[in-house]
Amino acid sequence: MNRILILPLFALFVILNGCVSSATKSFNKGKAKFDQAEYQPAIENFKQGLAKGAPAGPSNYYIAEAYRRSNRIQEAEPFYKAAIDGKTTDEEAYFWYAYALKSTGKYEAAGNQFKDYLKIGTNFDYINRTKNEIENLKVLNDIVNKKNFYEIQNMSDLNTSDAEYSPVMYDKKLYFTTSRGAAKMHLATGTGFTDIYEYVFDGVTKTSGQAKRLPDIINTIDAHEATPTFSKDGNTMIFSRGNTGSKKGGQDVDIFMTTKVNGEWTLPVLCPVSDPNAWDSSPWLSENGKTLFFSSNREGGNGGLDIYKATMDASGVWGSVTNIGTPINTRGDELFPYMSKEGKFFFSSDGHPSLGSLDVFTVVKDAKGQFKIENVGRPINTSYDDFGIFYVDTLNGYVSSNRPGGKGDDDIYTFFNNIVYNVHYLVDGRTLFQDKETYPLEHILGGATIKITNAKGDTLTTMMSDSLGAFKYEVKPEENYTFFVSKEGFATEQVSFSTIGKTVPKEKLKPGENESVMTVKIVLPKKEKGITLVIDNIYYDFDKADIRPDAAIELFKIVEFMSNNTDIKVELSSHTDARGSAVYNRKLAQRRADSAVAYIIKKGISKDRITAKGYGEDKPLVINMEDGTKVTLTEAYINSLPTKEAQEDAHQKNRRTEMTITGISDPNIKVKKKGE
């Protein structure tokens with residue numbers, strides 16, 4: 001019996017011992033791969049170890065870390081949780097678990113996890129970043145609720161199940177980075193090494209075209225080539241190359257340059273801005289080609305990846321590498337710098353208030369002229385990685401993202417602005433009147449009738465001004481209107497109004513509803529004998545009585561006035577300046593008045609309703625000054641003016657035409673119109 005019992009127990013011991021050894025072996029293999037930054041094989045080994053009974057806490061922690069370090073933090077979330085549940089002793093699990101929760105949009109849980117980390121955390125840098133993230137989450141609602149007018153679509157004709165990112169348009173071609181068709185896999189991510197491709201649109205659809213790999217002199221088999229940027233003439237390309245995995249920690253990413261000779265790219269050379277001990281990537285060349293922005297984790301930064309800039313000296317050599325500092329760089333990662341043609345600076349970061357992982361940010365000036373960082377909001381940003389933005393123009397562009405619903409890994413998306421700009425063009429009108437006693441003062445005229453017609457003469461509406469003489473009406477852009485204003489006891493006035501040429505430029509509009517208010521003042525003379533109205537802009541050239549084109553326009557307004565007020569008779573008076581003899585000026589003024597009346601009669605006004613009178617220089621114009629005083633434009637006053645221009649302007653004001661009501665017929669007596 002004892003032998004029967006002993007033999008099975010011994011066999012069980014051998015089996016268990018073999019399992020433990022196999023689990024430990026898988027775990028150790030995973031750890032070795034992890035230390036060599038071969039994250040994908042490490043994940044597979046750790047998962048094998050878990051299946052064989054390896055410790056849950058450490059195994060899950062390393063799986064989570066491997067995912068995070070290979071830019072797959074969303075996939076790391078359940079493994080961080082499993083590590084914490086498995087009693088891992090590594091405090092980084094608590095810190096990065098909070099980030100993983102945030103990256104999947106679980107903001108409340110992320111906030112609680114960050115607070116939990118503060119209770120146990122000892123890493124000074126992580127504690128500060130945690131405090132910053134807790135503050136960032138407080139403004140999350142502002143980012144989520146930010147009004148945005150963009151639509152975004154997956155470039156499904158371009159994207160594959162592999163990675164596509166960092167789009168940049170040059171010469172109507174879209175250049176991008178992709179891991180498609182890779183001949184060799186990268187051990188950190190388990191995906192292919194990336195190459196730079198160009199995409200030529202074929203015009204069949206908005207996004208369709210053909211992708212072509214750049215030549216082998218640019219793209220290599222056993223390294224990543226990525227994030228190209230071009231000089232304005234297209235003859236220089238700067239890009240990232242490296243991360244072969246040959247160096248511990250993968251710190252072998254550098255920036256390279258190549259130029260075109262006879263239309264062909266030359267062998268790329270290392271750009272002097274690169275630091276051999278740092279990860280330097282995502283370059284962007286300014287429009288003038290004198291400044292190169294890039295991301296680096298070199299010594300002396302704020303923490304993580306920072307954005308740096310280098311300037312080209314007079315001899316064409318890159319130098320003066322400087323960290324662009326705050327407010328752009330944080331303790332987190334800042335990368336993918338980009339400056340639009342309009343000079344607006346963009347970048348991606350996980351250190352500023354974001355929706356999750358990397359978000360796209362821009363630099364703006366506040367009301368005080370201070371620079372501040374602004375999250376561009378949804379739908380460009382999500383809780384996933386959103387980066388590598390590029391604007392084709394001010395309303396359309398491209399961005400990279402690994403958001404759900406894509407074709408696989410990172411995808412390129414096109415975004416376009418569907419902002420609705422509604423403009424309401426409003427006429428803010430006032431009806432006023434003048435009388436003989438207080439002329440030229442204007443008084444409120446309430447209760448006037450306003451008939452508005454279009455260019456065809458169709459009546460659009462009839463309304464009344466309120467007790468303050470105010471009325472409002474919405475008009476259309478690029479249209480002509482006529483306002484007929486009347487009231488018992490006052491002469492009817494006809495005023496032309498146009499919105500042609502007054503359309504508000506789109507760049508001056510804010511999204512949504514806008515108002516463009518145009519004012520109109522319509523003055524009705526009281527129907528009483530003796531009231532005189534100055535007719536605007538009926539001027540004559542010196543010593544002449546000919547009707548100028550600008551005068552004809554104003555004279556036609558008199559025709560309209562007479563047509564709208566058939567019971568009124570008027571005197572049309574002409575005045576000259578004081579130069580020349582008084583007798584001559586009276587004769588000149590009479591010729592001018594006769595000329596104006598002849599024009600009006602020719603337009604259909606009965607000659608018995610209008611008379612011509614030339615006053616010459618006898619009645620110089622009285623004008624109202626800004627201080628409320630009145631000045632008569634006598635020759636002495638004009639000669640006292642400081643400049644010849646001012647004097648000539650005053651003389652021309654005296655060379656005017658006025659209309660005075662001389663008679664009002666009984667409204668019950670029908671006045672025959674011409675042709676009746």
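Two strands count as a pair here if DSSP finds at least two bridges between them. Keep that in mind for the first view, and remember throughout that this is a predicted model.

**View 1. Strands S14 and S15, paired in an open sheet.** Strand S14 (residues 291–296) runs antiparallel to strand S15 (residues 306–312), and six bridges join them. Pick out Phe-293 and look across to S15: its bridge partner there is Lys-309. Zoom out a bit and you get four strands in an open sheet, ordered S13-S14-S15-S16, with antiparallel pairing. The edges belong to S13 (280–285) and S16 (318–323), each of which pairs on one side only. Going from one strand to the next, the twist averages 25 degrees.

**View 2. The largest nonpolar core, built from helices H1 to H8.** This core holds 41 residues, and Phe-34, Phe-46, Tyr-80 and Trp-96 have the most contacts inside it. Helices giving it two or more residues include H1 (2–35), H2 (39–51), H3 (56–69) and H4 (73–85), along with H5 (92–103), H6 (107–120), H7 (124–138) and H8 (140–144). H5 chips in the largest share, with nine residues. For a look at one of the hubs, centre on Phe-46: leaving aside neighbours within four places in sequence, its contacts include Phe-27, Phe-34, Tyr-62 and Ile-63, and also Gly-30 and Lys-31. There's a second, separate core too, with 32 residues, among them Met-155, Tyr-197, Val-399 and Ile-412.

**View 3. Helix H4 and the helices around it.** Which residues of H4 are buried? They are Ile-73, Gln-74, Ala-76, Glu-77, Phe-79, Tyr-80, Ala-83 and Ile-84. These buried residues pack against H2, H3, H5 and H6. The helix length checks out as well: at 1.5 Å a residue, its 13 residues should span 18 Å, and the end C-alpha atoms are indeed 18 Å apart. Just past the helix comes Lys-87, with a positive phi near 65 degrees.

**View 4. Asp-577 and Arg-655, a buried salt bridge.** The two side chains meet with N and O 2.8 Å apart. The chain takes quite a route between them: Asp-577 sits in the loop between strand S33 (568–575) and helix H10 (582–602), Arg-655 in the loop between helix H12 (644–654) and strand S37 (657–664), and the two are 78 residues apart. Is Asp-577 buried or exposed? It counts as buried because its relative accessible area is 3%, under the 20% cut-off. Arg-655 is also at 3% relative accessibility, so it counts as buried.

**View 5. Arg-579 and Glu-648, and the network they belong to.** This salt bridge has an N to O distance of 3.3 Å. Again it links distant parts of the chain, with Arg-579 in the loop between S33 and H10 and Glu-648 in helix H12, 69 residues apart. Arg-579 is partly exposed at 29% relative accessibility, and Glu-648 is partly exposed at 34%. Show both pairs together and you'll see a network of salt bridges linking Asp-577, Arg-579, Glu-648 and Arg-655.

**View 6. Arg-430 and Asp-428, a salt bridge between two residues of similar numbering.** The closest N and O atoms of this pair are 2.9 Å apart. Arg-430 has 34% relative accessibility, so it counts as partly exposed. If you'd like to go hunting for others, a search of the whole structure turns up 29 salt bridges.

Methods:
Residues numbered from 1 in each chain as written. Predicted model: local features only at pLDDT ≥ 70, side-chain atom pairs only at ≥ 80, totals over all residues. Heavy atoms only, no water. Axes fitted to C-alpha atoms, helices over the stretch in contact; angles between N-to-C directions. Core = buried A, V, L, I, M, F, W, Y, C linked by side-chain atoms within 4.5 Å. Buried < 20%, exposed > 50% of the residue type's maximum accessible area, 1.4 Å probe, protein only. Contact = heavy atoms within 4.5 Å. Salt bridge = Lys/Arg side-chain N within 4 Å of Asp/Glu carboxyl O. Expected span 1.5 Å × (residues − 1).
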